[in-house]
Amino acid sequence: MAPSGTTPLSRAEHFIWLTARVLEQRRFEHDFLDGDPDAVETALDAYRNTDGGYGHALEPDLRGPVSQPLHTATALRVLDGIGRCAGQRVERIGRYLTHVSTPEGALPALHPSLRGYPAAPWIPVVDDPPSDLLATAPVVGTLHRNSVWHAWLFRATDFCWSAVESLEKTHPYEVEAALVFLDGVPDRPRAEAAAERLGGLVREQRLAVTEPGKEVDFPVADGYAPGEHHYVTDFARSPDSLARRWFTDTELERGLEHLAAAQREDGGWDINWRSWAPGTALEGRPLVTLEALRTLRAYGRL
């Protein structure tokens, strides 16, 4: 347990050193202790495969060594966070993305190569997986955010536009993925219009808890764990996100207060999705903790 009377950041630091993988320790050092980005990239390289993708449970709910789109999306997010989302490293990733794409040029949630390795039971492995917005949008948005040019992006971007602009019934993780795309894509007027429509769906379908403490009034999405609610700060992670426009100042303030209060005595934040294997919650909590710290800092709360 962290010493009493310390700041939220110092309590979180204690938690990271106590529980996190080397990668999350290095990311914490970089983000909050002026650490070297080279150290982050070195830690990330341990998850990289010869095909240019990433595996080895980089995303904790997918175990095994093989490269997967969701692992690779996480790797791009790490590279984006240290300003290294460019050059030969991204060229290698682009070749991997091209290799595993569906006939539409988008990414599946799971590539069939995962068959035989442990994975979260709610993510089925099929022989011919369909294109998936949740897997594709964060990759496309992150690459656009970094002004990456790669041939893979053309059809993948078209897929994301079509999928986002045709969404009707959706769920929080899909919305979060769509937001990464909309926050990063170059066509800002089109992105703003699509985000306004998406925010309307979030409000209509009550996907964001805008009044913490009254979660009973907000339904949990189909297939989610009991209590797997999403809050204002899960969408509007920074003031410059398009999702910030979806919520009033009062709703944002409530969300930030709720996020700050969710820090546990050990200094970390909890996951709220199903824990299905011994290591997934242990590895997931530092990831959630880093996201919480970044959001609180973005709004001047650290």
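This report covers three helix packings and one cavity in a predicted model.

## Helix α7 between two partners

Helix α7 spans residues 152-165 and helix α8 spans residues 172-184. Their axes lie 11 Å apart and make an angle of about 120°. The two helices are therefore oblique to each other, since an angle over 115 but not over 145 degrees falls in neither the perpendicular nor the antiparallel class. The crossing of α7 and α8 is left-handed. On the α7 side the contact uses Thr157, Cys160, Trp161 and Val164, and on the α8 side Ala178, Phe181 and Leu182. By class, 6 of these contact residues are nonpolar, 1 is polar and none is charged.

Helix α6, residues 133-145, also packs on α7, with an angle of about 120° and axes 9 Å apart. That angle makes α6 oblique to α7. The crossing of α6 and α7 is left-handed. From α6, the contact takes in Leu133, Thr136, Ala137, Val139, Val140, Leu143 and His144. From α7, the contributors are Trp152, Leu153, Ala156, Thr157, Phe159, Cys160, Ala163 and Val164. The contact of α6 with α7 divides into 12 nonpolar and 3 polar residues, with no charged ones.

Thr157, Cys160 and Val164 of α7 appear in the contact with α8 and also in the contact with α6.

## Helices α2 and α12

Helix α2 (residues 22-32) packs against helix α12 (residues 278-298) at an angle of about 10°, and the axes are 10 Å apart. The two helices are therefore roughly parallel to each other, the limit for that class being under 35 degrees.

The α2 residues in this contact are Glu24, Arg27, Phe28, Asp31 and Phe32. Those from α12 are Pro286, Leu287, Leu290, Leu293, Arg294 and Arg297. By class, this contact has 6 nonpolar and 5 charged residues, and no polar ones.

## The cavity

The count of cavities of 30 Å³ or more comes to 1. The largest cavity has a volume of about 60 Å³.

Its lining is made up of Pro172, Arg206, Leu207, Pro219, Val220, Ala221, Tyr224, Glu228, His229 and His230. These lining residues divide into 6 nonpolar, 2 polar and 2 charged. Among them, Arg206 and Glu228 belong to the charged class, while His229 and His230 count as polar. Pro172 is part of the lining, and residue 172 is also where the range of α8 begins.

Methods:
Residues numbered from 1 in each chain as written. Predicted model: local features only at pLDDT ≥ 70, side-chain atom pairs only at ≥ 80, totals over all residues. Heavy atoms only, no water. 1 Å grid on protein atoms, 1.4 Å probe; cavity = no way out; pocket = protein on both sides within 12 Å on 5 of 7 lines; lining within 4 Å. Points joined across faces, edges and corners; volume = space filled by probe spheres on them. Axes fitted to C-alpha atoms, helices over the stretch in contact; angles between N-to-C directions. Helix = DSSP H or I, 4+ residues; strand = E, 2+ residues; numbered from the N terminus. Parallel < 35°, antiparallel > 145°, perpendicular 65-115°, else oblique. Left-handed = near helix turned anticlockwise from the far one by under 90°. Contact = heavy atoms within 4.5 Å.
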